[in-house]
Amino acid sequence: MNSRRRFLQKMAITAAGLPLLRFQSLAGNFRRDEPVLRVAMMGLGGYANRVADAMKACTKAKIVGAISGTPTKLSDWQQRFGIPVKNCYNYENFDQIKHNPDIDVVYITTPNALHHSQVLRVAAAGKHVICEKPMALNAKEGQEMVDACRKAGVQLLVGYRMHFEPKTLAITEMRKRNEFGKIMFFQGQCGFRIGDPTQWRLNKELAGGGSIMDIGIYAINGARYMVGEEPVWITAQEIKTDPVKFKPGVDETIQFQMGFPSGAIASCLSTYNMNYLDRFYLNGEKGFAELQPSTGYGPIKGRTNQGELTQPHVTHQTVQMEEMADILLRGKKPAIPVDGAEGVRDLKIIDAIYAAVRSGKREML
Ligand code: NDP
C-alpha cells in the first residue's frame, strides 16, 4: 500500500472513530462501554503524587492534565502519566481549561487557603471540581464554593477517601441495621507529630489553622458518619506546649466534645504533637466498634463486639476515584456523602471548635 493510500485510510478510520475517541484513546485498564473520568490534578505535591500513582489502577478515571506553579513538575508528569502538553496549565492561565474539551474535572490538592479561589475559578471554567479536605478555611467560604458550583452547573466533591473504605462502610452499615443498639458514645483520636516548622501546614495564612484543619477533621467527620447524626453543641480546649513552633492561630492540640440530638456524645483529640494516634471507637447499648488505625492510608484494622472485621484492604485513592467517576459521570449516590454540602458541615463544626476554644463556653450549632 502506498503511503498516500495508507494516509487516507488512516484519516477515514480516525474520522469514523471520532465519537469513540474518548474510550479508545484511553487504552490499558479502561472499559470500552462507558466514559472514563478525565482528571486534571492541580498542585503537584505529596498528595497529588499519591492520588496519581493510585489512579494507575483505576478502570473508570484517568489523569489527563496537570496544573502547577513548577514547570519542571509539569514536564515530569507529562513523562510519567503521558499527559499531553496542551493539557498542562499554571496558576495564571488555568482558566483557559474552559476551552479544553478533554478534561472533565479538576482535582485540587493545594494548601488549604487556596482551595476557595481555585474552586471558584474552576467552576467558572465549567469543569467539575474535587477539592481536598479541608474544603475551605471556614463555613462561609465553603458555602460560597457550593453556591458557585451550583450556579455554574458543575459538581463539587470533597476528597473524603474514608467514605469509600470497606471496614468504615461495614461499621456504618451495622450501625444503620441497629446492631450496636442506641449509640451512646464516640471517641476519635487523630494526630501525628509534625516535622519541618517551615512547612505550609504550620503557616496560618496557608493552612487556616493547625491540627484541627489537617487531621482533627477526620475525627469530626468520623463522628458524624459513625454516630449517624449532626452535632448540636461543641465544647473545646486547646493545649499548646510549643508556642514557637505553633504560632498564634495554629493549634497544636485541641480536645473537643460534641453532643448529638439523640443524647449521644463524642470526645475527640486532635494533635500535631503525638504519634500513634489514629483510633475511632463507637459505643452502643448492644455493642461496640473499633478502628485502629482508623483513617491512615491503611490497612485499616477493626473489630466489633461480633469479631474482627475482615474486609480486604484497598488503596483508598484508587477506590475513591473509581467511585467519584460513577458519581460525576453516572449520578451514583455514595453511602456516605462526599459533596460540597458535606464539606460545609465539617467546616461549621471547625468554626464552632475554634469559637469554643476562644469563649471557653459551650457553642450551639
Ligand atoms: P504539599 O505541600 O505536598 O503539596 C501542595 C502543592 O500545592 C505544592 O507542591 C505546590 O504544587 C502547590 N502549591 C501552590 N501554591 C503553594 C504555596 N503557596 N505553598 C505550597 N504549595 C503550593 O501538600 P499536600 O499534598 O500534603 O496537601 C495538599 C492538600 O491535600 C491539603 O489541602 C491537604 O489537607 C490535602 N491532603 C489530603 C490528604 C488525604 O488523605 N485526603 C492527605 C494529604 C493531604 P506545584 O509546585 O505543582 O504548584
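## Ligand site and unusual backbone geometry

N178 is found in the loop that runs between α7 (166–176) and β7 (183–191). The structure is a predicted model. In this model, phi of N178 is near 65 degrees. That is a positive value in a residue other than glycine.

Two peptide bonds also deserve a look. The bond from K133 to P134 is cis, with omega near -15 degrees. P134 belongs to the loop between β5 (128–131) and α6 (139–152). The bond from Q292 to P293 is cis as well, and its omega is near 0 degrees. P293 is located in the loop between β12 (288–291) and β13 (302–304).

The rest of this report concerns the ligand. Where does the ligand sit? It occupies the largest pocket. The ligand is surrounded by 27 residues, and the closest are S68, T70, K73, Y91 and R161. Sorted by class, the shell holds 10 nonpolar, 11 polar and six charged residues.

Which parts of the chain supply this shell? Two helices, α3 (46–54) and α9 (211–227), each supply at least two residues of the shell around the ligand. On the scale of domains, residues of the shell come from both domain 1 (14–160) and domain 2 (162–314 + 340–364), so the ligand lies between them.

The table lists polar contacts made by oxygen atoms of the ligand.

| Residue | Partner of the ligand oxygen | Distance |
|---|---|---|
| L44 | polar backbone atom of L44 | 2.8 Å |
| G69 | polar backbone atom of G69 | 2.9 Å |
| Y218 | N or O atom in the side chain of Y218 | 3.1 Å |

For L44, the partner is a polar backbone atom, and for G69 it is also a polar backbone atom. For Y218, the partner is an N or O atom in the side chain. How much of the accessible area that the ligand has on its own does the protein cover? The ligand on its own has 900 Å² of accessible area, and the protein covers 80% of it.

Technical notes:
Residues are numbered from 1 along each chain as its sequence is written. This is a predicted model: local features need pLDDT of at least 70, side-chain atom pairs count only at pLDDT 80 or more; totals for chains, interfaces and linings use all residues. Side-chain values use heavy atoms; hydrogens and water are left out. A residue is near a molecule or strand if one of its heavy atoms lies within 4 Å of it. A polar contact is a pair of N or O atoms within 3.5 Å; within protein, one must be able to donate a hydrogen and the other to accept it, and residues adjacent in sequence count only if both atoms are side-chain atoms. Accessible areas come from the Shrake-Rupley method with a 1.4 Å probe; for residues, only the protein chains shown count as cover. On a 1 Å grid over the protein atoms alone, a cavity is a set of points where a 1.4 Å probe fits but cannot get out, and a pocket is an open set with protein on both sides within 12 Å along at least five of seven lines; lining residues have an atom within 4 Å of a point. A molecule sits in a cavity or pocket if more than half of its atoms lie within 2 Å of its grid points. Helices (H or I, at least four residues) and strands (E, at least two) are DSSP runs, numbered from the N terminus. Ala, Val, Leu, Ile, Met, Phe, Trp, Tyr, Cys and Pro count as nonpolar, Asp, Glu, Lys and Arg as charged, and the others, Gly among them, as polar. Domain bounds come from an automatic or database domain assignment.
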